[in-house]
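Student: I would like a close look at a single part of this structure, and then at how that part sits in the whole. Please take it step by step.

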Protein chains: 2
Amino acid sequence: MPNGGKAEQVRRHVLHLVEAQLRPHDKLPTERELAGELAVSRLTIRRVLDNLERERRVYRVQGAGTFVREPQVAKSLELTSFSEDMRQRGMVPGSRLLTAERGSAGAHIGQELALSPADPVVHIARVRTADGEPICLEHSYIPEALAPGLLDLDLEGSLYELLSAHFRLHLEHAEQTIAATVVDPDDAHLLSVPPFSAAFRVERTGFDARGRPIERAESLYRSDRYHYELTLYRGQ
Amino acid sequence: MPNGGKAEQVRRHVLHLVEAQLRPHDKLPTERELAGELAVSRLTIRRVLDNLERERRVYRVQGAGTFVREPQVAKSLELTSFSEDMRQRGMVPGSRLLTAERGSAGAHIGQELALSPADPVVHIARVRTADGEPICLEHSYIPEALAPGLLDLDLEGSLYELLSAHFRLHLEHAEQTIAATVVDPDDAHLLSVPPFSAAFRVERTGFDARGRPIERAESLYRSDRYHYELTLYRGQ
DNA sequence: TCATGCGATTGGTATACTCCAATGCTGCGA
DNA sequence: TCGCAGCATTGGAGTATACCAATCGCATGA
């Protein structure tokens with residue numbers, strides 16, 4: 001048996017139906033039929049369909065059947081790096097390094113990163129670009145103790161990929177606030193937009209799986225070239 | 001049996017442990033122990049724990065056990081009505097009705113609601129308030145065929161609760177885009193902010209469980225009194 | 001003293017079975 | 001022709017059982 005468990009095979013079979021054979025609102029075979037065709041128990045079928053239902057690929061109506069769901073236009077919001085995000089939008093990510101220096105955390109950043117104000121942090125300021133055009137002005141702060149020698153690496157690419165590959169720091173979740181604002185003249189120049197244009201101010205603290213703060217980022221996004229698209233769901 | 005099924009009882013029991021008895025990273029009883037104590041089968045326990053794991057209340061390590069997860073600070077972004085949202089922030093929601101009229105959908109709104117441009121829609125414009133202060137200027141469009149007589153109801157409260165209670169229209173998910181903008185003088189007056197202040201422009205199409213568009217809403221939120229706070233997770 | 005490996009424990013996967021509850025079709029009767 | 005009762009179908013919930021796979025502690029031997 002080269003491929004995974006039965007559930008995995010069932011999943012592939014059903015997904016093939018959903019993606020290639022059927023259209024939205026078409027009815028899938030009944031659970032009992034699937035169990036018979038694929039020679040697995042109905043409970044296994046149900047576990048697979050439970051997952052597909054959670055992933056919003058199908059919906060179920062008791063007494064009626066299981067049906068193919070209308071495909072989503074926008075993905076639900078997930079944690080991605082700027083680089084990933086831009087690649088998904090079909091653009092080539094890049095950045096121009098403005099600042100890369102060692103300093104003490106200070107009260108504000110120290111608070112966010114659970115450090116004392118005197119602890120050393122690495123401060124990186126970059127203009128992030130997509131297809132060469134400025135999109136975002138980003139200040140990142142990383143505890144130096146977690147990433148010694150970070151300043152000697154190439155900081156033009158994805159910071160997260162760097163932290164993951166060189167320091168085994170894997171971002172698992174982030175807390176983020178998003179506000180609307182207007183850009184002041186200095187920042188406007190860096191972003192190549194007129195002064196007082198509309199922009200997003202995004203403040204993010206990133207954590208690893210153990211709940212340790214890894215990074216604080218404070219960014220300014222042009223609103224004319226960047227907006228959020230997301231799908232929201234009713235909780236429970 | 002006044003309360004729900006066994007799974008529901010098990011869930012309450014385990015949730016009590018997680019919230020009141022144990023601390024983060026403490027070990028829950030094993031699945032077999034829980035099954036014995038609560039006199040249900042292990043499979044029922046597992047279904048409950050599967051759900052709690054998805055909700056990030058617990059985490060599991062094969063061969064080791066199930067453990068209480070570190071509590072989340074901010075909730076992940078979920079679909080809520082303006083009224084719910086404001087109540088969660090500890091404020092009293094309200095609204096001032098500006099417009100409530102019947103009209104034809106037109107090309108743009110028709111497109112979003114999957115109607116032809118001539119189909120009738122109800123257009124409701126309101127200033128949404130929190131503790132009496134304007135927060136958001138909102139234009140809502142609802143297909144009249146789905147909610148006949150909507151205009152005769154009290155439109156000062158939650159529109160979603162109205163649609164749910166009177167027309168069995170239950171919002172299940174929404175696709176939303178968020179942009180940063182500045183408010184023009186007319187809208188600034190309605191929101192009691194200076195002209196050209198920063199604001200969010202939110203455009204949302206809401207769907208029911210079958211994927212039918214139910215509502216289109218185009219809103220303008222003051223940024224000085226409203227911002228997004230959310231927790232993001234790495235996908236898969 | 002330290003490493004190795006074995007075995008008990010714990011979650012992961014799969015099966016077969018039973019009964020319940022919502023849906024929706026069919027046909028009968030007014 | 002219309003409405004409704006009844007029944008087959010379909011997903012929902014629960015049980016008992018078996019075996020697999022990762023983990024961890026303990027005992028044994030170098």
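Student: In which sense do strand 4 and strand 5 of chain A pair, and over how many bridges?

Tutor: The model is a predicted one. In it, strand 4 of chain A (residues 120–130) and strand 5 of chain A pair in the antiparallel sense, over ten bridges. One facing pair in this ladder is A:Arg128 with A:Cys136, the latter in strand 5 of chain A.

The turn comes next. Two residues lie between the strands in the hairpin of strand 4 and strand 5 of chain A, and A:Asp131 takes a positive phi near 50 degrees there. A:Asp131 is not a glycine, yet its phi is positive, at about 50 degrees. It belongs to the loop between strand 4 and strand 5 of chain A. With 13 other C-beta atoms within 10 Å, A:Asp131 is partly exposed; a residue counts as exposed at 12 or fewer such atoms and as buried at 20 or more.

Strand 5 of chain A, residues 133–143, is mostly covered, with eight of its eleven residues buried. Strand 5 of chain A also pairs with strand 8 of chain A (residues 213–222), in the antiparallel sense and over six bridges. A:Cys136 serves as a reference point here, standing opposite A:Tyr221 in strand 8 of chain A and opposite A:Arg128. Strand 5 of chain A therefore has strand 4 of chain A as one partner and strand 8 of chain A as another. In a regular strand the side chains alternate between the two faces of the sheet.

Now the chain around this part. Chain A has seven helices and nine strands. Its radius of gyration is 23 Å, well over the 18 Å that the globule rule gives for 236 residues, so chain A is more spread out than a compact globule. The box filled by its C-alpha atoms, taken along the principal axes, is roughly 65 × 40 × 30 Å. Of the 236 residues in chain A, 28% are buried. Among the contacts in chain A with a separation of 6 or more, 57% are between residues 24 or more positions apart.

Pairing of strands also crosses from one chain to the other. Strand 6 of chain A (residues 173–182) runs antiparallel to strand 9 of chain B, and six bridges join them. In this pairing A:Glu175 stands opposite B:Thr231, which is in strand 9 of chain B.

The contact between the chains takes 34 residues from chain A and 33 residues from chain B. On the side of chain B that touches chain A, strand 6 (173–182), strand 7 (198–207) and strand 9 (228–233) of chain B each supply at least two residues. Strand 6 of chain B gives the largest share, ten residues. By residue class, this side of chain B divides into 18 nonpolar, nine polar and six charged.

Chain B superposes on chain A by a rotation of 180 degrees with 1.1 Å of shift along its axis, at an RMSD of 1.5 Å. That is the relation of a two-fold axis. B:Ala180 is the residue of chain B that comes closest to the rotation axis, with its C-alpha at 2.7 Å. Of the interface residues of chain B, 97% are also interface residues in chain A, so the copies meet through the same surface.

The DNA strands draw on both chains. Around DNA strand C there are 22 residues, of which A:Gly5, A:Lys6, A:Ala7, A:Gly63 and B:Thr30 come nearest. Two or more residues of this surface come from each of helix 1 (6–21) and helix 3 (42–54) of chain A, and from each of helix 2 (31–38), helix 3 and strand 2 (65–68) of chain B. Helix 3 of chain A gives the largest share, three residues. The surface near DNA strand C divides into six nonpolar, ten polar and six charged residues.

Around DNA strand D there are 21 residues, and A:Thr30, B:Gly5, B:Lys6, B:Ala7 and B:Gly63 come nearest. For this surface the largest share, three residues, is from helix 3 of chain B. The division here is six nonpolar, ten polar and five charged.

A positive phi is also found in chain B, where B:His25, not a glycine, has a value of about 75 degrees. B:His25 lies in the loop between helix 1 and helix 2 of chain B, and it is exposed, with 12 other C-beta atoms within 10 Å.

Terms used. Residues are numbered from 1 along each chain as its sequence is written. Chains are lettered from A and ligands numbered from 1 in the order in which they are written. This is a predicted model: local features need pLDDT of at least 70, side-chain atom pairs count only at pLDDT 80 or more; totals for chains, interfaces and linings use all residues. Two residues are in contact if their C-beta atoms, placed from the backbone, lie within 7 Å. Helices (H or I, at least four residues) and strands (E, at least two) are DSSP runs, numbered from the N terminus. Ala, Val, Leu, Ile, Met, Phe, Trp, Tyr, Cys and Pro count as nonpolar, Asp, Glu, Lys and Arg as charged, and the others, Gly among them, as polar. Two strands pair if DSSP finds at least two bridges between them. A residue is near a molecule or strand if its C-beta atom, placed from the backbone, lies within 6 Å of it. Copies are superposed by least squares on the C-alpha atoms of residues with pLDDT of at least 70 in both. The radius of gyration is taken over C-alpha atoms; the globule rule is 2.2 Å times the number of residues to the power 0.38.
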